[in-house]
Amino acid sequence: MIEVAEKLIGERGLDDVSMRDVATAAGQRNNSAVQYHFGSRDGLILQVLRRRLVALDAERQKRLAAADEQGLGADLSTLVQVLFEPIVELLRAQPEATYYARFLQRVGPVMAPGIPEADLRTATDDVVVRLIDVLSHLPRRVAFERIDLATQMFTGALAVYEDRRDARNTVVNTRFEDVVAHLFDMTEAALRAGVGTRDVPAAPSSHVADTPESEVGSR
């Protein structure tokens, strides 16, 4: 049911999938199977997120440790790779079977903070904090917002790729590796960009000057 929920929500969106839909697609004769096993639709969604996010964070922890061993733990390009390459590897390993990018685009920003593990300091948080430190040309709050937006851009573009792949849309180049290469280049360039006239932070305030770890932990 977890895999079916990821697929259906990725395809249709959060509001167009019912617990009955998931149970039926999973071959469950009892239409209340989702409620029985997970308590509610939200409970099922959290299990999908937990399964993926815990595995992705473990991979980021391993990659971050390797970067430190190579003396690259404060290198922008390396940190961007550590943050996003685990998602890329997931989609690369299951090119026709995963709906995770679309699922994450639909529910991640809304539901992810509700996962108990999201309240703990994770490897993902460590990468974000290091990126904020590396982006010393930006106010810390602006750096945090840039990273958050870059994450949305990266996962959102992968979700569009999944949609175009399944629709066999050939209007643009849809080779996965080309899409990924573009995204890494664009993400790094976006983070290196300075503060423009439309990106001027508000007047300094003690509660926004530094990004609290609790806020980073909710991403």
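Two residues are in contact when heavy atoms of theirs lie within 4.5 Å. Keep that in mind for this predicted model. Take the contacts in the protein chain with a separation of 6 or more: residues 24 or more positions apart account for 74% of them.

Now look at the elements. The protein chain has ten helices and zero strands. Read from the N terminus, the order is α-α-α-α-α-α-α-α-α-α. The chain holds 219 residues, and 40% of them are buried.

Turn next to one helix, α5. It covers residues 76-93, which is 18 residues. How far apart should its ends be? At 1.5 Å a residue, α5 should span 26 Å. The C-alpha atoms at its ends are 26 Å apart, so the two values agree. Still, α5 has a bend of about 45 degrees at Phe84. A proline, Pro86, follows within four residues. Is α5 mostly covered or mostly open? Mostly covered: 13 of its 18 residues are buried.

Helix α4, residues 41-69, meets α5. Their axes come within 9 Å and cross at roughly 140 degrees. Angles over 145 degrees would count as roughly antiparallel, and 65 to 115 as roughly perpendicular; this crossing is in neither range, so α4 is oblique to α5. The crossing is right-handed.

Which residues make the contact? From α4 come Arg52, Leu56, Glu59, Arg60, Arg63, Leu64 and Ala67. From α5 come Thr78, Leu79, Val82, Leu83, Glu85, Pro86, Ile87, Glu89 and Leu90. Pro86 thus appears twice in this account: it follows the bend at Phe84, and it is part of the contact with α4.

Conventions
Residues numbered from 1 in each chain as written. Predicted model: local features only at pLDDT ≥ 70, side-chain atom pairs only at ≥ 80, totals over all residues. Heavy atoms only, no water. Helix = DSSP H or I, 4+ residues; strand = E, 2+ residues; numbered from the N terminus. Expected span 1.5 Å × (residues − 1). Bend = angle between axes of the 7 residues up to and from the residue. Buried < 20%, exposed > 50% of the residue type's maximum accessible area, 1.4 Å probe, protein only. Axes fitted to C-alpha atoms, helices over the stretch in contact; angles between N-to-C directions. Parallel < 35°, antiparallel > 145°, perpendicular 65-115°, else oblique. Left-handed = near helix turned anticlockwise from the far one by under 90°.
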